[in-house]
Amino acid sequence: MSDLSIRPAQVGDVPALVALYADDPLGALRETPDDLDPYLVAFERLAADPHQHLMVAERSGTVVGTLQLTVIPGLSRRGTTRSVIEGVRIHSDERGSGLGTQLVRWAIEESGRQGCGLVQLTSDATRTDARRFYERLGFTASHLGFKLQL
């Protein structure tokens, strides 16, 4: 695993990232790897926001994982800054290798460096393996999440 690096995503990584998002049952229904334009627009917005950290895990020059870490300053909880981990994806050839653990642990450590007092995430209710994965990393299912599609 010594050839693994975790680094900020670059615009040239967008096709590989979209392929990772599309490479699972849920992503296959909602991602469009054949039309990168909306992803490139979104990438520019992310790159311009210092609270957004779109990261890639790269092995031997190949993107094999990704996540987005968002840092949110807040007033509640005595002014606690929190972070949100989103879009965790691991290449199918790397699943079960420990890469996901490394990537999420990087996000937790970076959250601490950013002064966060809380790290949160959501996972689709149908992703039972993901739920077990996050629980093994110390996350608890303490809240009920809601989403409204616009």
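These are my notes on two glutamates and one pair of strands in a predicted model.

**Entry 1, Glu58.** I looked up where Glu58 sits and found it in strand E2, which covers residues 52-59. Is Glu58 buried or exposed? Its relative accessibility is 18%, and the cut-off for buried is under 20%, so I put Glu58 down as buried.

I then checked what the side chain of Glu58 meets. It makes a polar contact of 3.0 Å with the side chain of Arg7. Leaving aside residues up to four places away in sequence, I listed the residues that Glu58 touches: Asp3, Leu4, Ser5, Arg7, Val63 and Val64. Arg7 therefore appears in my notes on Glu58 both as a polar partner and as one of the residues touched.

**Entry 2, strands E4 and E5.** How do strands E4 and E5 run? I found them parallel, with five bridges joining E4 (residues 81-90) to E5 (residues 116-121). For one position across this pair, I noted Ile85 opposite Leu121 in E5. I also looked at the connection: E4, helix H5 (residues 99-113) and E5 form a β-α-β unit, and this unit is right-handed.

**Entry 3, Glu110.** Staying with helix H5, I looked up Glu110, which has its place there. Its relative accessible area is 14%; because this is under 20%, I entered Glu110 as buried. Which side chain does Glu110 meet in a polar contact? I found the side chain of Arg113, at 2.8 Å.

**Entry 4, for the file.** Both glutamates are down as buried, Glu58 at 18% and Glu110 at 14%. Each has a side-chain polar contact to an arginine, Glu58 to Arg7 and Glu110 to Arg113.

Conventions:
Residues numbered from 1 in each chain as written. Predicted model: local features only at pLDDT ≥ 70, side-chain atom pairs only at ≥ 80, totals over all residues. Heavy atoms only, no water. Helix = DSSP H or I, 4+ residues; strand = E, 2+ residues; numbered from the N terminus. Buried < 20%, exposed > 50% of the residue type's maximum accessible area, 1.4 Å probe, protein only. Polar contact = N/O pair within 3.5 Å; in protein donor to acceptor, adjacent residues only side chain to side chain. Contact = heavy atoms within 4.5 Å. Pairing = 2+ DSSP bridges. Right-handed = clockwise from strand over helix to strand, strands pointing away.
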